[in-house]
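Colleague: Before I use this model, I would like to go through how its descriptive terms are assigned.

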Amino acid sequence: MKRLVLLAAAAAILCAEQPEKQMNRSLYAFPGKTPVLDGVIEKGEWDDATQFFGVQDWVPQFSPTANPADLSLHAYVKHDGKRLYFAFDVTDDVLYGIDTERWLPTQNPKAHDLTREGFPWFGDEAEILINATNRYQAEESVAGNGHSWQMVCNLTKSRPGGVGSGGILEGEPRRDENAWNTYRKWIDSKAMECAAKPKPGRKGYILEWAIDFDPCLEVEPGKFYSTAMGNKPMGLNIALGDLDEKEKGEGNFGNFHHEDWFSGAKNVRTQLRHFGTLWMMSDLYTPPPPKPAAVKKTKPKTSSKAKKTSPKKSTTKSSKQR
Ligand SMILES: [Ca+2]
Ligand SMILES: [Ca+2]
């Protein structure tokens with residue numbers, strides 16, 4: 001009995017330490033205009049996307065992020081019936097390999113080799129993990145195929161451009177040669193593309209990421225997502241990685257400063273069961289009907305003075321003058 005009480009107390013503490021907002025997040029990708037992948041968020045380009053924000057309330061793998069000027073995210077998601085798109089507008093006060101030297105982690109002197117021995121995620125970067133089947137069995141991570149995958153977009157290196165040029169890279173599991181080769185094929189065929197560019201003033205960067213439904217969203221063997229399937233949930237996780245100066249990540253693996261996750265929990269965030277949900281929406285977003293206008297409680301002023309100087313009129317005038 002005593003043991004049961006203790007267990008219950010321990011469970012309560014665990015629940016308290018992992019607030020519900022960090023688990024099972026959902027995003028909705030609606031149809032929208034095709035964006036231009038150039039690392040610039042043009043006016044209106046992403047207005048029809050679903051917006052989401054981070055990373056103070058995301059799940060930290062390393063040092064928790066407390067200051068939005070240190071690291072924060074304004075992100076967008078939509079699709080155009082053929083491809084799924086994400087844009088990441090990242091605020092990051094120190095850009096690794098641009099504002100700093102290209103220092104290496106003690107764990108891997110080959111971190112920047114663009115091979116299976118390298119660390120593709122080493123740098124300022126984002127990772128997308130998708131489970132298109134939305135099914136899992138136990139504690140498995142992604143398979144590294146159209147059903148489930150993990151890819152990287154790094155600010156300062158890429159498969160197409162090499163070290164020094166940001167963009168898309170093969171992700172995990174690197175130990176699996178089949179996964180690596182599949183990812184390589186997706187990049188070479190442009191089934192997956194990512195544009196990465198520092199923002200003017202260099203206090204952050206933009207990533208614009210495109211993912212072909214076929215071959216990257218394989219919901220059943222040989223069957224890829226299409227809007228004809230209607231609205232469909234998929235597993236989704238996102239990581240935002242932050243390297244600054246080496247000393248800032250003291251004590252963390254690879255001297256990472258931050259690695260914050262959209263969903264899950266520390267150390268298990270790559271397991272499919274910890275993913276959040278991405279709803280692929282087949283129809284345009286329909287806003288809810290407007291609420292009936294509230295009845296004004298205060299009587300409008302009726303003095304002759306107020307009538308003569310209508311505030312509406314003067315606003316129009318001043319805006320015209322501008
Ligand atoms: Ca753009
Ligand atoms: Ca950084």
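The exchange below takes up burial, contacts and strand pairing in turn.

Modeller: This is a predicted model, in which local features need pLDDT of at least 70 and side-chain atom pairs count only at pLDDT 80 or more, while totals for chains, interfaces and linings use all residues. Residues are numbered from 1 along each chain as its sequence is written, and chains are lettered from A and ligands numbered from 1 in the order in which they are written.

Colleague: Why is G54 called buried?

Modeller: A residue is buried if 20 or more other C-beta atoms, placed from the backbone, lie within 10 Å of its own, exposed if 12 or fewer, and partly exposed in between; G54 has 22 such neighbours and therefore counts as buried. Of the 322 residues of the chain, 39% count as buried.

Colleague: With which residues is G54 in contact, leaving aside its neighbours within four places in sequence?

Modeller: Contact requires C-beta atoms, placed from the backbone, within 7 Å, and on that basis G54 is in contact with S72, L73, L240, D260 and F262.

Colleague: What makes β11 and β12 a pair?

Modeller: Strands are DSSP runs of E with at least two residues, numbered from the N terminus, and two of them pair if DSSP finds at least two bridges between them. Between β11 and β12 there are seven bridges, in the antiparallel sense, so the definition of a pair is met. M192 has I211 in β12 as its bridge partner.

Colleague: Where does G54 lie?

Modeller: G54 lies in strand β2, residues 50-54. The open, antiparallel sheet has the order β2-β4-β5-β12-β11, and β2 and β11 are its edge strands, each pairing on one side only.

Notes: Helix = DSSP H or I, 4+ residues; strand = E, 2+ residues; numbered from the N terminus. Contact = placed C-beta atoms within 7 Å.
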